Amino acid sequence: MGSPAAASGRRQPIVEAAIEMTARDGWAAVTMTRLAEQVGVSRQTVYNEIGSKNSLADAMLAHELGRFLTAISAAFDRHADDLVEAVHDAVRDVLELARGNLLVRAIASATHGADTELVPLLTTQAETLLTEVKAMLAARVESYRPGLTGEQIEVLVDLMTRTVLSHVVQPTGTPAATADGLAWLASRVLQEPARKPLRFG
């Protein structure tokens with residue numbers, strides 16, 4: 001019986017091949033047989049490692065989410081003493097990562113409520129993705145002690161996240177230019193946080 005590490009080593013190339021195939025040919029074109037041929041393993045190995053096509057979609061989403069979270073975390077780690085610079089680099093790096101990636105654009109479209117044929121299952125999973133990213137961002141922002149309340153941090157993170165997603169779906173400038181704009185916005189919010197608590201309802 002193979003070790004967990006060996007099993008993980010077989011699973012990763014299958015997921016990456018599925019992402020490449022989906023972006024190139026569409027979700028409907030992805031089959032376990034084609035994946036097996038592309039990766040150079042048996043079809044039974046693909047089934048053993050992945051399971052159903054629904055499970056494959058889950059694995060693809062987790063893979064892409066991991067890339068986003070890694071890029072965001074690295075940006076904050078590089079600027080541990082400067083929240084505005086951290087925001088700038090996180091925005092720029094995420095948009096660079098998403099540029100030209102059809103699967104990432106499909107994920108972003110799903111978070112905007114779009115019905116995407118590329119990976120239909122993303123529509124139901126997108127809210128989970130968005131919640132996870134925003135929770136991580138809120139924790140990172142809060143660690144800088146920016147002088148904002150928890151509610152204000154949530155509003156800032158929500159605004160930044162949704163704006164970045166909209167630029168992934170439909171870019172209106174370069175990643176660097178978008179990052180400059182959002183960093184400027186963050187700097188203004190941090191310079192003069194609202195004095196009154198937010199009230200909803």
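Here is a short chat between a visitor and a guide about this predicted model.

Visitor: What kind of model is this, and how are residues numbered?
Guide: It's a predicted model, where local features need pLDDT of at least 70, side-chain atom pairs count only at pLDDT 80 or more, and totals for chains, interfaces and linings use all residues. Side-chain values use heavy atoms, with hydrogens and water left out, and residues are numbered along each chain as its sequence is written, from 1.

Visitor: How many helices and strands are there in the protein?
Guide: Both are DSSP runs numbered from the N terminus: helices are H or I with at least four residues, strands are E with at least two. Reading from the N terminus on, the elements go α-α-α-α-α-α-α-α-α. The count is 9 helices and 0 strands.

Visitor: What percentage of the residues is buried?
Guide: Buried means under 20% relative accessible area, exposed means over 50%, and partly exposed is in between, using a 1.4 Å probe and protein chains only. The protein has 201 residues, and the buried share of them is 42%.

Visitor: Which residues does the UniProt "DNA-binding region" annotation cover, and how much of that span is helix?
Guide: UniProt positions here follow the numbering used in this model, feature names are shortened, and annotations may be inferred rather than shown by experiment. The annotation comes from an unreviewed entry and covers residues 31-50. The end C-alpha atoms of residues 31-50 lie 12 Å apart, with 0% strand in the span and helix at 80%.

Visitor: Which backbone oxygen lies 2.7 Å from a polar atom of the Thr22 side chain?
Guide: Thr22 is in helix H1, residues 4-25. Thr22 counts as buried because its relative accessibility is 0%. The backbone oxygen 2.7 Å from a polar atom of its side chain belongs to Ala18.

Visitor: Which ring does the charged end of Lys53 sit over?
Guide: For a charge to sit over a ring, NZ of Lys or CZ of Arg must be within 6 Å of the ring centre and within 35 degrees of the ring normal. The charged end of Lys53 is 4.6 Å from the centre of the ring, and that ring belongs to Trp27.

Visitor: Where is His79, and which residues is it in contact with, beyond its sequence neighbours?
Guide: His79 is in the loop between helix H4 (53-78) and helix H5 (83-98). His79 and Asp89 are 10 residues apart in sequence, with their C-alpha atoms 8.8 Å apart in space. Contact means heavy atoms within 4.5 Å. Setting aside neighbours within four places in sequence, His79 is in contact with Glu85, Ala86, Asp89 and Tyr144.

Visitor: Is His88 buried or exposed, and what is it in contact with?
Guide: His88 is in helix H5. Its relative accessible area is 13%, so His88 is buried. Leaving out neighbours within four places in sequence, its contacts are Ala176, Ala179, Asp180 and Ala183.

Visitor: How far apart in space are Ala90 and Ala74?
Guide: Ala90 is also found in helix H5, and Ala90 is buried because its relative accessible area is 8%. Neighbours within four places aside, Ala90 is in contact with Ile72, Ala75 and Phe76. Ala90 and Ala74 are 16 residues apart in sequence, and from C-alpha to C-alpha the distance is 7.9 Å.

Visitor: Which residue has a positive phi although it is not a glycine?
Guide: Look in the loop between helix H7 (122-142) and helix H8 (150-169). The residue counts as exposed because its relative accessibility is 76%. Its phi is about 50°, and its name is Arg145.

Notes. Polar contact = N/O pair within 3.5 Å; in protein donor to acceptor, adjacent residues only side chain to side chain.
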